[in-house]
Amino acid sequence: MDRSFTAMVIDTVDGKPKGLFRDLSIGDLPDYDVLVEIAYSTLNYKDGLAITGKGRIARRMPMIGGIDLAGTVLESRSPKWQPGDKVILNGWGLSETEWGAYARYQRVEAEWLIPLPEAFSMQEAMAIGTAGYTSALCVDALEKWGSIKPGEGEVLVTGAAGGVGSVAIALLCAQGYNVTASTGRPQTHEYLAMLGATGFIDRAALQEKGPPLQKERWTGGIDSVGSDTLVNALAQTVRGGAIVACGLAGGADLYGTVMPHILRSVTLIGMDPVVAPLEQRLAAWKRLARDLDKEKLNKMTTVEPMSKLPQLAEDIIAGKIRGRVVIDVAQV
């Protein structure tokens with residue numbers, strides 16, 4: 001079998017990385033054990049950086065973009081998977097060091113895949129994608145730390161109208177936590193309230209330079225922004241609280257002090273979803289199946305053809321995307 005298909009390929013153009021549509025065949029794919037026919041992928045901030053070239057995500061080129069996939073096994077040399085199995089894949093270096101999901105077909109390592117959860121269709125699983133799966137990992141980490149309690153205090157979610165923030169709010173509110181959403185887009189307040197947010201803070205207030213210790217407010221938080229936003233979130237966290245950092249949409253710098261950590265025992269928890277152990281992945285998807293309201297998921301999701309990826313990539317970098325975008329890879 002050597003079918004041809006169109007893929008979104010990141011390659012060097014005029015000395016810079018850029019996403020371009022290119023025709024490939026199955027024979028061009030890596031020689032890994034499992035061949036998957038992909039139905040859907042997603043659009044994440046990292047995907048936007050890779051396609052636009054505004055971030056050097058691809059570490060080797062050419063590179064097929066797309067960090068998430070849902071599809072059906074066509075061929076397998078591994079006893080773990082059989083033709084016809086429905087599977088999903090989040091992370092594992094797709095679009096960075098390994099060819100990704102913006103293609104109709106891809107060969108992957110057997111260990112990267114997990115079964116499609118029974119609670120979700122392929123489209124729903126990709127509406128969740130790495131962003132939502134990361135949110136579940138972050139909520140798990142906060143609950144394990146133990147500083148947040150349902151109905152008590154405020155839990156901060158930054159980048160609230162984005163993919164990570166949207167799902168995080170829905171998951172936290174499902175367990176009864178009081179969530180304050182940070183966003184620079186007042187027009188999204190109704191949407192965020194629908195997800196369960198009970199308070200709002202303008203993102204500009206968390207971007208201003210402030211003292212290393214500020215008025216204690218957050219019992220915990222999930223931050224996908226980084227930079228000054230994360231510094232201020234830590235400075236405003238209550239004694240013994242924790243912030244989980246999982247993104248850097250606002251920058252990778254962290255010019256803070258140790259004072260929140262050594263004077264208030266505030267903890268910064270880093271979350272890397274790319275290579276999370278299998279048990280953590282399965283626990284995250286179990287939480288999503290239990291706590292994520294499908295009606296809310298549908299309201300935060302749009303489905304777009306792969307042909308629109310160039311414009312969608314620009315939009316997500318510009319902060320114009322709300323919620324989650326599913327990519328139909330068959331529509332080129």
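**Group meeting: a sheet, a surface patch and a helix pair**

Let me begin with the sheet: 3 strands form an open sheet, ordered S2-S1-S4, with antiparallel pairing. The edge positions belong to strand S2, residues 16-25, and strand S4, residues 63-64, each of which pairs on one side only. I should state at this point that the model is predicted. As general background, the strands of a sheet pair through backbone hydrogen bonds, either parallel or antiparallel.

Turning to the pairing with S4, strand S1, which covers residues 4-13, joins S4 in the antiparallel sense over 2 bridges. Within this pairing, Val9 stands opposite Ile64 in S4. Helix H1, residues 45-52, packs on the sheet and touches both S1 and S2. The direction of H1 makes about 90 degrees with that of S2.

I now move to the helix pair. Helix H2, residues 122-145, packs with helix H7, residues 278-291, at an angle of about 105 degrees, and their axes are 8 Å apart. Because angles of 65 to 115 degrees count as roughly perpendicular, H2 is described as roughly perpendicular to H7. Which residues make the contact between H2 and H7? On the H2 side they include Ala125, Ile128, Gly132, Tyr133 and Ala136, together with Asp140 and Glu143. On the H7 side, among them are Gln280, Arg281, Ala284, Trp285, Arg287 and Leu288.

Finally, the surface. Val258, Met259, Ile262 and Leu263 make a nonpolar surface patch of about 360 Å². Of these residues, Val258 lies in the loop between strand S13, residues 237-245, and helix H6, residues 259-263.

Definitions and conventions. Residues are numbered from 1 along each chain as its sequence is written. This is a predicted model: local features need pLDDT of at least 70, side-chain atom pairs count only at pLDDT 80 or more; totals for chains, interfaces and linings use all residues. Side-chain values use heavy atoms; hydrogens and water are left out. Two strands pair if DSSP finds at least two bridges between them. Helices (H or I, at least four residues) and strands (E, at least two) are DSSP runs, numbered from the N terminus. Contact means heavy atoms within 4.5 Å. Axes are lines fitted to C-alpha atoms, for helices over the stretch in contact, and angles run from 0 to 180 degrees between N-to-C directions. Patches are made of residues with over 30% relative accessible area and no salt bridge: like charges are joined within 9 Å, nonpolar side chains (Val, Leu, Ile, Met, Phe, Trp, Tyr) within 5 Å. Accessible areas come from the Shrake-Rupley method with a 1.4 Å probe; for residues, only the protein chains shown count as cover. A salt bridge is a side-chain nitrogen of Lys or Arg within 4 Å of a carboxyl oxygen of Asp or Glu. Angles under 35 degrees count as roughly parallel, over 145 as roughly antiparallel, 65 to 115 as roughly perpendicular and the rest as oblique.
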